[in-house]
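Please look over the chain below before reading the notes. They are written for someone new to reading structures.

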Amino acid sequence: MNLTINPGAATDDAAQIDSIVSQIQQDMETLNGAITRNIPSRVETTWSDTVKSNWTQYYNADVPAAMEDMKLSATNLRLAVDQALKFDQEQM
C-alpha cells in the first residue's frame, strides 16, 4: 500500500471548506433577512406565505445541518492528515 501525504494541500482544502461554509452562512443570513423583511410586510399573498413558511423550516433545520456536515468534512480532513502524519512518523 502506498500512502502519499501532502499535508499542505489537504490543510489548504480544509481551510477552503471553512471559508466556503462561512460565506454560505453569511449569504443565508442575508437571504433570510430579505425574506423576513419583505414577507408579509411588502408581499402578502398565499404564495409568499408558503415561501416564507418553507424557507423558515429550511433555514432553521436543513441549512444548519448542512453547514455542520461541511464543517465536519473539514475537521475530518484535518484529522486524516494528522493521523497519516503520525502513522508516517511511527514507521520511520
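The points below go from the whole chain to single residues.

1. Basis. This is a predicted model, in which local features need pLDDT of at least 70, side-chain atom pairs count only at pLDDT 80 or more, and totals for chains, interfaces and linings use all residues. Residues are numbered from 1 along each chain as its sequence is written, and side-chain values use heavy atoms, with hydrogens and water left out.

2. Secondary structure. The chain has 2 helices and 0 strands. Helices (H or I, at least four residues) and strands (E, at least two) are DSSP runs, numbered from the N terminus. Helix α1 covers residues 7–38, and helix α2 covers residues 46–91.

3. Overall shape. The C-alpha trace spans about 70 × 15 × 15 Å along its principal axes. The radius of gyration of the chain is 20 Å, well over the 12 Å that the globule rule gives for 92 residues, so the chain is more spread out than a compact globule. This radius is taken over C-alpha atoms, and the globule rule is 2.2 Å times the number of residues to the power 0.38.

4. Surface and burial. About 6,800 Å² of the chain is exposed, and carbon and sulfur atoms supply 53% of that area. Areas come from the Shrake-Rupley method with a 1.4 Å probe; for residues, only the protein chains shown count as cover. Buried residues make up 17% of the 92 residues. Here buried means under 20% relative accessible area, exposed means over 50%, and partly exposed lies in between (1.4 Å probe, protein chains only).

5. Contacts along the sequence. A contact means heavy atoms within 4.5 Å. Among contacts between residues at least 6 apart in sequence, 74% join residues at least 24 apart.

6. Nonpolar core. Which residues form the largest nonpolar core? The 8 residues are Val21, Met28, Ile35, Ile39, Trp55, Tyr59, Val63 and Met67. The elements giving two or more residues to this core are α1 and α2, and α2 gives the most, with 4 residues. A nonpolar core is a set of buried Ala, Val, Leu, Ile, Met, Phe, Trp, Tyr and Cys residues joined through side-chain atoms within 4.5 Å. Leaving aside residues up to four places away in sequence, Met67 touches Val21, Ile24 and Gln25.

7. Two buried polar residues. Asn32 is in helix α1 and counts as buried at 18% relative accessibility. Beyond residues up to four places away in sequence, Asn32 touches Trp55 and Tyr59. Ser48 is in helix α2 and is buried, with a relative accessible area of 0%. With the same neighbours in sequence left out, Ser48 touches Ile39 and Val43.

8. Salt bridge between the helices. The structure holds 2 salt bridges, each a side-chain nitrogen of Lys or Arg within 4 Å of a carboxyl oxygen of Asp or Glu. In one of them, Arg78 pairs with Asp18, and the closest N and O atoms are 2.2 Å apart. Arg78 lies in helix α2 and Asp18 in helix α1, so the pair ties together parts that are 60 residues apart in sequence. Arg78 is partly exposed at 29% relative accessible area, and Asp18 is partly exposed at 30%.

9. Salt bridge within a helix. Lys71 pairs with Glu68, with the closest N and O atoms 3.5 Å apart. Both lie in helix α2, 3 residues apart, about one turn of the helix. Lys71 is partly exposed at 30% relative accessible area, and Glu68 is partly exposed at 46%.
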